[in-house]
Amino acid sequence: MVSDLAVLAQGVNLLWVLVATFLIFFMHAGFAMLEAGQVRSKNVANQLTKNLLTWSVGVVAFFLVGAALSNVVGHLTGAGGQWSVAGEVAAVLAPTSVNDWVSWLFGAVFAMTAATIVSGAVAGRCKLRTYVSYTVLLAGVIYPVVVGFTWTGGVLATIGFHDFAGGMVVHGMGGIAGLTAAWVVGPRLGRFDEDGSANVIPGHSLPFAVLGTLILAFGWYGFNVGTAATVFAAESGSLSLAAFETVGRVALVTTLGMAAGAVGAAAVSIRRTDKVDTLYVANGLLAGLVGITGIADDIVWPGAVAVGLLAGAQLPVVFTFVEKRLKVDDVCAVFPVHGSAGVLSALAYPFVAVSTWESFAVAEVLSGLAVQATGVVVIALWTVTATGVVFGVARTLGQARVTAEHEREGLDVAEHGVDTYPEFGVDRPADVVTDGGRPESEIRMVTAIVRPDRLTDVKRALADVGAPSLTVTNVSGRGSQPAKRGQWRGEKYVVDLHQKVKVECVVADVPAEDVIAAVREAASTGEPGDGKIFVQPVDDACQVRTGKRGPEAV
């Protein structure tokens with residue numbers, strides 16, 4: 001009977017771990033959609049490919065090296081005991097029990113979550129080979145060392161550092177790595193002006209970003225609730241709840257934390273802009289989840305609400321700081337969502353722990369805060385150093401980022417030879433425009449077809465010559481810029497329409513020649529594909545508000 005109960009407990013526990021593992025794996029679909037929605041359309045395939053390779057390459061590296069290394073680091077830095085490197089490697093590569101077959105996979109999905117966070121920070125300009133190389137090192141070395149310090153009994157575990165499901169170990173580490181990588185690689189072209197002011201580069205699909213957020217939130221229950229890995233324990237001939245004693249608390253505070261995170265971000269958004277920014281709400285929901293992840297097993301529910309609100313509220317503030325002060329181009333806001341929210345999760349624990357609310361003791365809170373702060377510092381220092389070295393070497397070798405030409409045309413074509421939205425590249429007959437024998441006029445229409453990343457400079461140049469009024473349209477076309485060959489499931493086709501912007505400026509009292517000179521100077525890069533400028537007479541103009549006609553209307 002006792003044996004039967006033990007088998008039953010083990011079977012249920014293994015089933016639960018596997019179900020949670022599959023939920024966490026599904027989070028990669030959420031990351032893919034979230035990141036694809038926040039990049040430009042010309043970089044979507046590149047971002048999706050990075051997500052696919054993060055799992056495919058990273059999970060192999062973790063299996064072959066990382067899983068054993070985390071145990072080795074744990075023994076070396078704190079756990080001690082009887083062990084050997086060969087024994088730790090054999091436990092993963094030559095498992096002898098059913099638990100060994102499953103445990104590495106449960107660790108692997110956590111490792112891959114940390115790895116995929118980085119891809120969102122360096123989107124739009126990092127070379128694929130460099131990112132994949134870093135993923136191998138992160139999954140095989142960088143992340144396992146952090147796990148060794150903490151979950152496998154290393155130095156931070158010995159001093160009592162608390163991280164239930166990876167608020168700092170997974171998300172904080174991933175966010176800090178992403179920030180470091182983005183700083184070393186440098187910003188996207190046109191992200192910052194020469195004076196340091198930031199330019200907004202919107203992502204191409206808000207629906208993708210929101211869908212990705214909701215998929216992540218769903219999978220997060222596997223992340224948090226699934227970490228309560230043992231459902232039953234068989235003791236003295238009877239079954240009892242093991243880690244599932246706290247599973248209800250974990251589920252409740254996870255739910256409250258994500259909700260509060262969205263509310264906190266929305267509140268700050270309203271305070272700053274009088275509008276609720278949809279992307280901030282989505283990112284705030286995720287930041288609330290990160291804030292709860294490390295402490296969900298041992299906090300009171302009011303604490304979950306408070307931490308969630310703070311995690312969501314800090315997001316717009318930290319993002320602005322990273323953008324305006326640090327001048328770092330964090331494309332998918334991975335640091336405020338994962339990094340700073342992960343740090344908040346660790347530091348908030350002593351204030352919202354169950355023991356604190358049962359018998360508040362200042363000395364206990366302060367000592368707990370010192371332990372948690374030590375853990376944050378150690379993890380951050382290791383992550384920044386290791387990530388900085390990897391991307392620093394790549395930058396020194398000229399391999400950190402793609403060429404300016406490839407970045408302008410988009411990484412989908414440059415790195416993969418595909419067009420994510422090929423229907424927008426279909427040839428269309430050009431409109432034939434004739435002057436129809438119209439008489440000359442004092443009014444001129446100056447039309448410039450320029451690169452999208454030069455638009456900010458063109459607008460500034462037009463304002464400088466006294467012609468600030470303009471109309472801007474996103475267009476695609478071809479000229480002297482060479483065509484590219486793409487492929488879709490092995491079938492090749494020609495990509496000969498390039499993304500441009502059309503700037504139309506109608507002037508009367510400003511010489512058209514001044515406008516032409518200003519646009520040409522601002523739009524020129526010296527490479528084929530800079531565009532063209534056309535000038536046409538305008539017969540008449542009418543101002544809608546006043547009814548004025550001719551040059552006065554302009």
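**Helix packing and a surface patch**

Modeller: In this predicted model, helix 10 (residues 278-293) packs with helix 12 (residues 334-352) at an angle of about 35°, and their axes are 8 Å apart.

Biologist: How do you know that helix 10 and helix 12 meet, and which residues are in contact?

Modeller: Contact means heavy atoms within 4.5 Å. On that basis N283, L286, A287, V290 and G291 in helix 10 meet P336, V337, H338, A341, G342 and S345 in helix 12. These residues divide into 6 nonpolar, 5 polar and no charged.

Biologist: Why is Gly not among the nonpolar ones?

Modeller: Because the definition counts Gly as polar.

Biologist: And what describes the packing of helix 4 and helix 5?

Modeller: The axes of helix 4 (residues 98-121) and helix 5 (residues 128-149) come within 10 Å and cross at roughly 145°. Helix 4 passes helix 5 in a right-handed crossing. Among the residues that meet are F110 and M112 in helix 4, and Y131 and Y134 in helix 5. The contact has 11 nonpolar residues, 3 polar and no charged.

Biologist: What makes V60, L64, V65, V85, V89 and L93 a nonpolar patch?

Modeller: A patch takes residues with over 30% relative accessible area, and nonpolar side chains are joined within 5 Å. These six names are Val and Leu, which are on the list for such patches, so the term fits. Together they have about 470 Å² of accessible area. Helix 2 (44-79) and helix 3 (85-93) each give two or more residues to the patch, and V85 lies in helix 3.

Notes. Residues are numbered from 1 along each chain as its sequence is written. This is a predicted model: local features need pLDDT of at least 70, side-chain atom pairs count only at pLDDT 80 or more; totals for chains, interfaces and linings use all residues. Side-chain values use heavy atoms; hydrogens and water are left out. Axes are lines fitted to C-alpha atoms, for helices over the stretch in contact, and angles run from 0 to 180 degrees between N-to-C directions. Helices (H or I, at least four residues) and strands (E, at least two) are DSSP runs, numbered from the N terminus. Patches are made of residues with over 30% relative accessible area and no salt bridge: like charges are joined within 9 Å, nonpolar side chains (Val, Leu, Ile, Met, Phe, Trp, Tyr) within 5 Å. Accessible areas come from the Shrake-Rupley method with a 1.4 Å probe; for residues, only the protein chains shown count as cover. A salt bridge is a side-chain nitrogen of Lys or Arg within 4 Å of a carboxyl oxygen of Asp or Glu. A crossing is left-handed if the near helix is turned anticlockwise from the far one by less than a right angle, and right-handed if clockwise.
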